[in-house]
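Colleague: Can you walk me through how this fold is put together? I'd like the helix packing, the sheet and the aromatic rings.

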Amino acid sequence: MSQPLDLAAVRSFENLEFLARQLVEGFITGLHQSPYHGFSVEFSEHRLYNPGESTRHLDWKVFARTDKLFVKRYEEETNLRCHLLLDVSPSMYYPAPGHDKLRFAVLCAAAITTMLQKQRDAVGLVTFADQVELQTPVRSTSTHRHTLLLTLQQLLERSPTPRRATTDVSGVIHTIAQQIPKRSLVVLFSDMLGRAPEEQTATLAALQHLRHQNHEVLLFHIMDRATEADFDFQDRPYVFEDVETGETVKLQPSQVREQYRAAMQKYEHELVLRCGQYKIDFVPVDIREPFDRVLYAYLVKRGKVR
């Protein structure tokens, strides 16, 4: 594995494009043939092995069954189109500026953008809260990549959007699903929080909508696990504020911790279960972990299961 990226050093450059480029180069070194074979190459068929050629793509499982050497042939998906969907609602700025969930989403999106552009695949960006805020074209040029990275850089530097009553993930996904004309890769970055149960059900139905249209879907479920999943607060009175609606409630964490944890575990279990049923790649994210380590682990796993 390549050496972990020193994010503190990279931050001194205040240049997301530099960060993305350095990160991707590190991935390539560590993953060897992946990630170039991670997103846009699919197994196509077998052919007989010709003596003297590379043994790199021999299918040893077939050899074990038939005692014959076959080579795996791959089909390059050179026109793969990737849509990056970023939740930029107020809850994504939790828990603190510079250490929030949006930061992980932006850094990860920048790395994936750079990775795919190196593969000559087309990438587009959608940011949303209660509605689509920004939607870029889906292109594969280096100029377009530079524009996307500048846009992501600006997201890191801006203040949270004004409070809204809801974050309409399902509506955005349905909109995008209607607009995508052919099979694409859709990557969603969201905490999937702050929504009523019926809205959570609607979001899962929207993800299923994408899968029914044969799009590949990847969900980065981004959370600050200590506080949002485990409710790990000191045992003293707090005033908790809903970062999306501004509503407040006074309570002692110990009074509700067990019920809160049980409710969160139930919701997360349902989310993981549905993603498994719909064949959606589900990546749980704790923002207290280095984002490059999370992305690297996913790419390694993806390379093994393909």
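Modeller: Axes here are lines fitted to C-alpha atoms, for helices over the stretch in contact, and angles run from 0 to 180 degrees between N-to-C directions. Helices (H or I, at least four residues) and strands (E, at least two) are DSSP runs, numbered from the N terminus. The model is predicted, so local features need pLDDT of at least 70 and side-chain atom pairs 80 or more, while totals for chains, interfaces and linings use all residues. Residues count from 1 along each chain as its sequence is written, and side-chain values use heavy atoms, without hydrogens or water.

Colleague: Are α4 and α5 roughly parallel or antiparallel?

Modeller: The axes of α4 and α5 (residues 142–157) come within 10 Å and cross at roughly 175 degrees. Under 35 degrees counts as roughly parallel, over 145 as roughly antiparallel, 65 to 115 as roughly perpendicular and the rest as oblique. So the pair comes out roughly antiparallel.

Colleague: What residues make the contact of α4 with α5, by class?

Modeller: Contact means heavy atoms within 4.5 Å. Among the residues involved are L102, V106 and R103 of α4, and L148, L152 and R145 of α5. Ala, Val, Leu, Ile, Met, Phe, Trp, Tyr, Cys and Pro count as nonpolar, Asp, Glu, Lys and Arg as charged, and the others, Gly among them, as polar. The split is nine nonpolar, four polar and two charged.

Colleague: Which strands stand at the edges of the sheet?

Modeller: Strands pair if DSSP finds at least two bridges between them. Six strands form an open, mixed sheet in the order β5-β4-β3-β6-β7-β10. Two of them have a single partner strand each, so one side is left without a neighbour in the sheet: β5 (132–135) and β10 (281–286).

Colleague: Which residue in β6 stands opposite L86?

Modeller: β3 (residues 81–87) and β6 (residues 185–190) pair in the parallel sense over five bridges. The residue opposite L86 is F189.

Colleague: How do the planes of F104 and F220 sit: stacked, edge-to-face or tilted?

Modeller: Rings of Phe, Tyr and Trp (its six-membered ring) pair if their centres lie within 6.5 Å; planes under 30 degrees apart count as stacked, over 60 as edge-to-face and the rest as tilted. F104 is in helix α4 and F220 in strand β7, 116 residues apart, and both are buried (under 20% relative accessible area, 1.4 Å probe, protein chains only). Their centres are 6.2 Å apart with 55 degrees between the planes, which is tilted.

Notes: Buried means under 20% relative accessible area, exposed over 50%, partly exposed in between (1.4 Å probe, protein chains only).
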